[in-house]
Amino acid sequence: MRGRVADKHRAILNAAVKVFSRKGFFQSKVSEIAREAGVADGTVYLYFKNKEDLLTSIFAVKLKEVFTTFREAVSKEKDAVSKLKCFIHMYLGGLQTYPELAAVVQQEIRHRSRFVREHNRHELDRFMELLGEIIEQGKREGSLRREISTGLVKHLVLGALDEVVSTWVLAGMHDSLEALAEPLADLFLHGICGVPATGGKPVPETKSG
């Protein structure tokens, strides 16, 4: 019986993700979510109080699932640079695999950021904490600059990833999102200056052919 309850809870939650991604939170109706899930309207209210509860549950449940996958994948890497690249690949690849969730995350974090953060601060903070652990490890290893604020780097990386995903969603989610992982990792690790890591004169441009 417990398994059937969990299955129905998940089915309604998945249906909400699809409906919210198509119509947005405010334009969506509980009846549409119920129809998508294949249940009666009243059944939705047996599992969730209202639409707001559905939205916060999407973030709480889905982000928790995503974070668990992130943590497992990152833990398999040894050094901080490899872990950072894994983090970026997982972030972009995961949302590309589940575009409906990507659309909901971007729509609701941007338009209802205060609401989402107030109700799901813990889940959102876990991503920041994991990224912070990677950065601190990189500082200890010497692969990342020790003088730069860990908080600044965390916001730089997650802010850039958020903007890339947002642009991808607004553009119709047609191109490969994960294909941007390596260029982004290179940009984070090496910056935009055409000078060697130790300083000095600009690196001369090489001619092809």
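**Figure 1. Arg 145 has a relative accessible area of 56%, so this residue counts as exposed.** Please keep in mind, here and in the views that follow, that the model is predicted. Glu 147 is the partner to look for, and the two side chains form a salt bridge whose closest N and O atoms are 2.7 Å apart. Glu 147 is exposed as well, because its relative accessible area is 57%, and the cut-off for exposed is over 50%. As a general point, side chains of opposite charge can pair when their charged atoms come close. Counted across the model, there are five salt bridges, and two further ones have their own views below.

**Figure 2. A salt bridge joins Arg 10 to Glu 65, with 2.9 Å between the closest N and O atoms.** Which helices does this pair tie together? Arg 10 belongs to helix H1 (residues 2–23) and Glu 65 to helix H4, so the bridge connects parts of the chain that are 55 residues apart in sequence. Both partners are partly exposed: Arg 10 has a relative accessible area of 41%, and Glu 65 has one of 29%. Neither residue is classed as buried, because that would take a value under 20%.

**Figure 3. Lys 23 and Glu 32 meet through their side chains in a salt bridge of 2.6 Å, N to O.** Is Glu 32 buried or exposed? Glu 32 is buried, as its relative accessible area is 15%. Lys 23 is partly exposed, with 38% relative accessibility. When you look at this view, then, you see a buried acidic side chain bridged to a basic one that is partly exposed.

**Figure 4. Lys 51 is a buried lysine that has no salt bridge.** Lys 51 sits in helix H4, which covers residues 51–75. Which side chain of opposite charge is nearest to Lys 51? That is Glu 52, at 6.5 Å; a salt bridge needs the nitrogen and oxygen within 4 Å, so the pair does not qualify. What does Lys 51 touch instead, once residues up to four places away in sequence are set aside? The list is Phe 20, Phe 25, Phe 26, Ser 28 and Val 30. Phe 25 deserves a second look, since Lys 51 lies over the face of this ring, at 4.6 Å from the ring centre.

**Figure 5. Five residues form one aromatic cluster: Phe 67, Phe 70, Phe 87, Tyr 91 and Phe 127.** The model holds six aromatic pairs. In one of them, the ring centres of Phe 70 and Phe 87 are 5.3 Å apart and the planes meet at 85 degrees, so the arrangement is edge-to-face. Phe 70 is in helix H4 and Phe 87 in helix H5 (residues 80–97), so that this pair links distant parts of the chain, 17 residues apart. Phe 70 is buried at 3% relative accessibility, and Phe 87 is buried at 0%.

**Figure 6. Phe 70 also forms an edge-to-face pair with Phe 127.** Here the distance from centre to centre is 5.4 Å, with 80 degrees between the planes. How many residues separate the two partners along the chain? They are 57 residues apart, with Phe 70 in helix H4 and Phe 127 in helix H7 (residues 113–141). Phe 127 is buried, with 8% relative accessible area.

**Figure 7. Leu 101 is a buried residue with a relative accessible area of 6%.** Leu 101 is part of helix H6, which spans residues 99–111. Beyond its neighbours within four places in sequence, Leu 101 contacts Val 17, Ile 58 and Lys 62. The C-alpha atom of Phe 59 is 9.3 Å from that of Leu 101, although the two residues are 42 residues apart along the chain.

**Figure 8. Stepping back, the protein has nine helices and zero strands.** To place the close-ups, read the elements from the N terminus as α-α-α-α-α-α-α-α-α. Of the 209 residues, 40% are buried. Taking contacts between residues at least 6 apart in sequence, 68% connect residues at least 24 apart. The exposed surface comes to about 12500 Å², with carbon and sulfur atoms supplying 54% of it.

Terms used: Residues numbered from 1 in each chain as written. Predicted model: local features only at pLDDT ≥ 70, side-chain atom pairs only at ≥ 80, totals over all residues. Heavy atoms only, no water. Helix = DSSP H or I, 4+ residues; strand = E, 2+ residues; numbered from the N terminus. Buried < 20%, exposed > 50% of the residue type's maximum accessible area, 1.4 Å probe, protein only. Lys, Arg positive; Asp, Glu negative; His and termini not counted. Contact = heavy atoms within 4.5 Å. Phe/Tyr/Trp six-rings, centres within 6.5 Å; stacked < 30°, edge-to-face > 60°. Lys NZ or Arg CZ within 6 Å of the ring centre and 35° of its normal. Areas by Shrake-Rupley, 256 points an atom, 1.4 Å probe, with all protein chains shown as cover.
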